[in-house]
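Here's a quick tour to go with the model on your screen. Have a look at it first, then read on.

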Amino acid sequence: MSAGRQVNATALTQPGSRVSWAPDSSQVAIGAAQPGAWIGDFNTVGVLSTLSAEPGPPGWSVTNCGPVHDVAFSPDGQSIAVAGAMTGVVNAQNGTLRFGFQGIWAESTAFSANGRRAAWWGTDVFHGMRQILWAADVATGQQLGPWEWQSGRAQVVFSPDSRWIAAPGGAGIALVDLDNPQGMGVVAIDRGTLNVAFSPDGKWLAAGCWDGTIRLYAFPDIVPGPEVRPHPELQVGGVVFTPDSRWVAGVVEPGVGLYRVDDGKPRFAALADVPEASKVVFSPDLRRMAVNQTVGNPSIAGFVVLDAATGTPLWQATTSDRVRDVEFSPDGTRIAACGANADLTGFVRIHETGLEVSRQKVGAITVIEMSPAGTPFVAVADDNSSVTVLAAESGVPVARKPVPGGVSALGFADHSQSVVVGGTSGARLFSVVGDRSWKVEQIGVVNGLAVGGTAGEWIAVASGRTARLLRSLDGGARWANPVTHPQTVTRVAISPDGRWVATGCVDRRTRLFNAETGAEVMSVEGDGKVFGLAFGSVLVTANEDGAVTIVDPVALAVRTRVTRNFACSLVAVSQDGTLLATAWADNLVLVHDITAQPVEVRRVTTTSPVTSLGFAAGGTGLCVASGGPTVVVSDVRTGQDLVVLRHPKPVRDFAFSADGALLATACEDDVVRVFAAGPP
């Protein structure tokens with residue numbers, strides 16, 4: 001899926017004014033109206049419509065509603081708030097009105113994060129043309145307010161906790177506490193505000209002001225914070241926070257500035273060169289921002305997607321049509337733009353962002369792996385006892401093999417040209433391209449396997465109480481006899497250079513074997529089951545008793561231990577062997593620098609047990625999945641989130657490509673998705 005490719009579009013009879021994405025990223029709602037439509041002219045034609053994110057015809061459309069200035073999908077995707085000649089909430093399935101407000105011409109609307117309330121700002125045509133701000137209970141339609149508030153055109157916003165609504169105006173910022181809605185407070189600003197925004201973490205309120213400043217206030221105490229000035233004279237036309245709440249952006253006529261929330265320092269030295277823009281939005285994955293104009297001076301109509309770290313243009317859609325609104329989909333894979341044609345009709349266009357490289361539905365996924373070298377392939381096992389191999393960059397299946405019984409483990413061998421499978425029917429290998437295959441069935445149920453050696457030429461297999469080392473060439477055993485353990489072997493690992501094999505046994509011992517001879521050279525005893533094994537330049541073993549042991553396989557000695565009073569379930573070692581990540585039963589992830597004695601460099605608390613943990617190749621990016629719909633890659637040295645990947649359902653496993661540029665995820669909607677995880 002290529003960045004900028006248009007995937008769907010539709011024409012509108014009126015200029016598009018606003019787009020809003022459904023929470024599942026499946027479609028957009030569109031409002032359309034002639035710019036400057038006269039307040040009270042309810043007979044002026046407008047459009048309220050929907051369009052799918054995938055190729056296909058438009059959805060439902062309502063054209064007897066008068067001008068539509070703003071739309072907002074509810075968090076559950078069942079309703080759409082509408083601002084215009086028809087102001088209220090409609091059914092998202094067909095556009096029928098659920099409840100509305102007669103005689104009020106609204107300019108903007110928003111839903112609260114919990115979906116319980118919607119808010120509007122507009123003009124009460126029947127009562128002295130006063131400008132008002134109000135909210136409503138979505139379930140009942142009962143109105144809260146109104147509160148009088150003078151503004152040029154106020155975009156109403158909710159705080160992340162759904163308690164407050166805010167709107168800009170000539171006197172400053174209007175603030176209404178919906179838990180105590182008797183009155184309205186005002187944050188006074190001498191020359192007034194044009195737009196406001198809450199940070200996603202709810203700790204900051206930002207105002208884009210007439211005097212060219214962006215003013216930050218600690219919320220809810222309204223303590224003044226940093227004040228930045230993108231331009232010495234020009235007003236700020238749009239203000240927005242990054243999804244991680246660390247940066248705030250503002251649009252002025254020459255372009256876009258991005259500033260650190262803590263101290264107001266700019267992220268890039270000069271404004272991003274996007275003249276005549278009026279809106280900037282950030283992608284959910286943190287790495288991109290979009291602006292409703294193109295780069296250059298003079299620029300032409302369209303929109304541009306910029307690198308959020310540098311302001312550098314990544315790609316742009318140029319057109320003769322003016323873009324009035326642009327929005328990323330909640331999952332970050334699409335971007336929708338709407339606007340006006342030269343003949344005062346309108347358009348909506350949906351483009352790919354390039355975040356999602358490919359996707360393929362394969363069935364309920366039980367195991368996922370990516371090739372460690374060469375062409376990037378993804379191998380997945382599903383609940384139909386089959387293994388599918390996909391070309392990562394296209395999602396096209398290149399092989400699919402039935403495997404009798406269940407599959408417990410997968411790996412790539414032979415320079416990533418073959419896939420090895422372990423399960424109830426033993427171990428087997430098949431080539432990705434070609435017809436070479438073998439199987440070793442007499443060993444019984446395989447509990448685990450690992451591939452090692454410089455070319456992936458050796459396969460360590462654990463089955464029952466035994467461990468053995470097989471040649472990827474033909475499945476033949478390297479050792480004269482398998483090594484037998486006192487109890488069941490539950491874990492197995494092989495060093496990247498193929499010199500060592502490690503096993504974890506129910507007898508609470510981790511054993512290290514010489515890969516050439518099969519001779520046991522060392523063992524480490526714990527007070528609980530062996531839950532995790534990982535090789536880098538060292539061997540790391542994790543136990544149920546809360547002990548993580550770091551072993552030097554060359555010196556055959558325990559280097560050190562990290563201990564806690566909780567079981568350690570997963571371990572991962574960075575490619576250069578300097579960092580160790582551990583996941584614990586109390587939902588804590590710890591990262592230690594292990595170049596010498598372990599030094600903790602990062603800790604992250606998850607809301608549920610970690611299900612998958614791994615470092616990207618060649619860097620300090622750590623990916624964590626904990627059974628939720630969001631997968632995060634963070635820089636463990638700085639603590640910054642690098643990539644946030646959102647899914648429609650929970651994700652329990654993932655795999656990186658050899659160079660760390662791609663990340664494949666196994667989602668509970670039975671879809672394998674491959675994302676661009678490197679620089680945008």
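## The overall picture

How many helices and how many strands are there in the chain? Zero helices and 64 strands. Bear in mind as you scroll around that this is a predicted model.

What about overall dimensions? The C-alpha atoms fill a box of roughly 95 × 50 × 50 Å along the principal axes. The radius of gyration is 29 Å, and a compact globule of 680 residues would come out near 26 Å, so the two agree.

## Inside and outside

Of the 680 residues, 59% are buried. The accessible surface of the chain adds up to about 25900 Å², and carbon and sulfur atoms own 49% of that.

As for who touches whom, take the contacts with a separation of 6 or more: 41% of them join residues 24 or more positions apart.

## A four-stranded sheet

Now zoom in on one open sheet, built from four strands in the order 10-11-12-13 with antiparallel pairing. Strand 10 (104-111) and strand 13 (143-148) sit at the edges, each pairing on one side only. Going from one strand to the next, the twist averages 20 degrees.

In this sheet, strand 11 (residues 117-124) and strand 12 (residues 130-137) run antiparallel to each other and share eight bridges. If you want a spot to click on, Thr123 stands opposite Gln131 in strand 12.

## Aromatic pairs

Searching the whole structure turns up nine aromatic pairs. One of them is Phe198 with Phe219, an edge-to-face pair at 5.0 Å centre to centre and 75 degrees between the planes. Phe198 lies in strand 18 (residues 193-198), while Phe219 lies in the loop between strand 20 (214-218) and strand 21 (223-228), so the pair ties together parts that are 21 residues apart in sequence. Are these two rings' residues buried or exposed? Buried means under 20% relative accessible area, so Phe198 makes the cut at 10%, and so does Phe219 at 11%.

Trp479 and Phe513 make a tilted pair, with 6.4 Å centre to centre and 40 degrees between the planes. Here Trp479 is in the loop between strand 44 (466-471) and strand 45 (483-484) and Phe513 is in strand 48 (residues 509-514), so this pair ties together parts 34 residues apart in sequence. Both Trp479 and Phe513 are buried.

There's also a cluster to look for: ring pairs link Phe99, Phe101, Trp120 and Trp134.

Methods. Residues are numbered from 1 along each chain as its sequence is written. This is a predicted model: local features need pLDDT of at least 70, side-chain atom pairs count only at pLDDT 80 or more; totals for chains, interfaces and linings use all residues. Side-chain values use heavy atoms; hydrogens and water are left out. Two strands pair if DSSP finds at least two bridges between them. Helices (H or I, at least four residues) and strands (E, at least two) are DSSP runs, numbered from the N terminus. Axes are lines fitted to C-alpha atoms, for helices over the stretch in contact, and angles run from 0 to 180 degrees between N-to-C directions. The radius of gyration is taken over C-alpha atoms; the globule rule is 2.2 Å times the number of residues to the power 0.38. Buried means under 20% relative accessible area, exposed over 50%, partly exposed in between (1.4 Å probe, protein chains only). Contact means heavy atoms within 4.5 Å. Accessible areas come from the Shrake-Rupley method with a 1.4 Å probe; for residues, only the protein chains shown count as cover. Rings of Phe, Tyr and Trp (its six-membered ring) pair if their centres lie within 6.5 Å; planes under 30 degrees apart count as stacked, over 60 as edge-to-face and the rest as tilted.
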